[in-house]
Amino acid sequence: MKILVTGAEGFLGRNLIQRLERIDGAAVYKYDIGSSPEELSEYTKDCDAVFHLAGINRPERTEEFMEGNFAFTGKVIDALEAAGNTAKFIVSSSIQAELDNPYGASKKAGEEAVSVHAAKTGAKSVIYRFPNIFGKWCRPNYNSVVATFCNNIARGLPIKVNDPETLLHLAYIDDVVEELLLCLEDKEHVRDGYGYVPCVYDVKLGRIPELLYSFAESRQNLSLPDFTDGFQKKLYSTYLSYIPEDDFLYPLMMHEDARGSFTEFLKTADRGQVSVNISHPGIVKGNHWHNTKNEKFLVVKGKGLIKLRRVGSDKVVEYHVSGDKLEVVDIPCGYTHSIANVGEDDMATVMWVNEVFDPANGDTYYEEV
């Protein structure tokens, strides 16, 4: 399959092309503002599908709306018709095509040109009136408030929220790409004559910086967002893509003493927390139990001996563990337990507990195993 993508260097184009190039047997023709008319003529001779994503939304002159959105659509159509090519034509339009403004009018005119082409030639066409799209590689300080907020908050720069109650309709870039790929199999979603992305989030403007600031603070409080919420999950992924490349690294607070160290790594409101425990040779830690807390111990370096005894019983259960063979030991509530480094080197243990530590309610009771 040979696929032409106009607007190849744009936000949507770059993400789509990354997926298209992973399809076995697909050849992708990339056309952007720096490409030549000769390339357009060549590409439209034998392409099987056209993803027409090119467009203008921030011109210096109002006239450029029609030039970039309507007139260029006409050039692509003319090239296809000159070649006698009835390739499937997939168009990225906008919900603003319904509005009475220069940008909307130019997108509407482009849509009509595609419809005329389809009726004239019998070519299949799909017109998408996309809502605002967010995700990686979107240009900040241009036409995406999500990209601008992500970029500025990741860099400690100010943002401006004009009306926090404004309701935004947002689609995530990967969801949009997945929908576009369905067009290659004639499985696109269509409603009222237009293609649509099934997954769209309705979010108030003020909610976005609220979440983004919490993501920025998570490097200090170690908390992760609620990934069962699809929008939070996708916004968090988007935010991370805007962190400056020299700022990916951040430190953790290591609690060190003569026995080794204990370092909290991640915390969640409903899935507990993960920590890393380092024990020097011969050191025994633990000898306590919990009423409700439960844990999982995973020794990833060194050799350890984990002992457990149910409170009120004399029976001791022992597990020899090692970083040479990764095995998890469950630590149930009601069992006093200890972990000893029985090797000659430091032992490293990844520890998960089902709730974030609360100093006011430690639920930890000393008792030798």
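**Figure 1. The largest nonpolar core of the predicted model.** In this predicted model, the largest nonpolar core holds 50 residues, and within this core Phe-51 and Ile-208 touch the most other members. Helix H5, which spans residues 145-154, supplies the largest share of this core with six residues. Apart from this core lies another one of 19 residues, which includes Tyr-31, Cys-47, Ala-79 and Val-91. In soluble globular proteins, nonpolar side chains tend to be buried together.

**Figure 2. The surroundings of Phe-51.** When residues up to four places away in sequence are not counted, Phe-51 touches Ile-3, Leu-4, Val-5 and Thr-6, together with Leu-16, Leu-20, Ile-90, Leu-180 and Leu-184. Two of these partners, Leu-16 and Leu-20, also appear among the buried residues of helix H1.

**Figure 3. Helix H1 and its covered residues.** Helix H1 runs over residues 11-20 and is mostly covered, since seven of its 10 residues are buried. The buried residues of H1 are Phe-11, Leu-12 and Gly-13, followed by Asn-15, Leu-16 and Ile-17, and then Leu-20. An α-helix has 3.6 residues a turn, so residues three or four places apart point the same way.

**Figure 4. Val-350 in strand E20.** Val-350 belongs to strand E20, which covers residues 347-353, and it counts as partly exposed because its relative accessibility is 27%, a value in between the limits of 20% for buried and 50% for exposed. Leaving aside residues up to four places away in sequence, the residues touched by Val-350 are Val-274, Ser-275, Lys-296, Phe-297, Leu-298 and Val-300. Asp-314 stands 36 residues from Val-350 in sequence, and the C-alpha atoms of Val-350 and Asp-314 are 28 Å apart in space.

**Figure 5. The whole protein as the setting for the close-up views.** The secondary structure of the protein consists of eight helices and 21 strands. Its radius of gyration is 29 Å, whereas a compact globule of 369 residues would have a value near 21 Å, and its C-alpha atoms fill a box of roughly 85 × 50 × 40 Å along the principal axes. Among contacts with a separation of 6 or more, 72% join residues that are 24 or more positions apart. Of the 369 residues, 44% count as buried, while carbon and sulfur atoms account for 51% of an accessible surface of about 19500 Å². The protein carries 39 positive and 55 negative side chains, and the centres of these two sets lie 2 Å apart.

Key. Residues numbered from 1 in each chain as written. Predicted model: local features only at pLDDT ≥ 70, side-chain atom pairs only at ≥ 80, totals over all residues. Heavy atoms only, no water. Core = buried A, V, L, I, M, F, W, Y, C linked by side-chain atoms within 4.5 Å. Buried < 20%, exposed > 50% of the residue type's maximum accessible area, 1.4 Å probe, protein only. Helix = DSSP H or I, 4+ residues; strand = E, 2+ residues; numbered from the N terminus. Contact = heavy atoms within 4.5 Å. Rg over C-alpha atoms; globule rule 2.2 N^0.38 Å. Areas by Shrake-Rupley, 256 points an atom, 1.4 Å probe, with all protein chains shown as cover. Lys, Arg positive; Asp, Glu negative; His and termini not counted. Charge placed at Lys NZ, Arg CZ, Asp CG, Glu CD.
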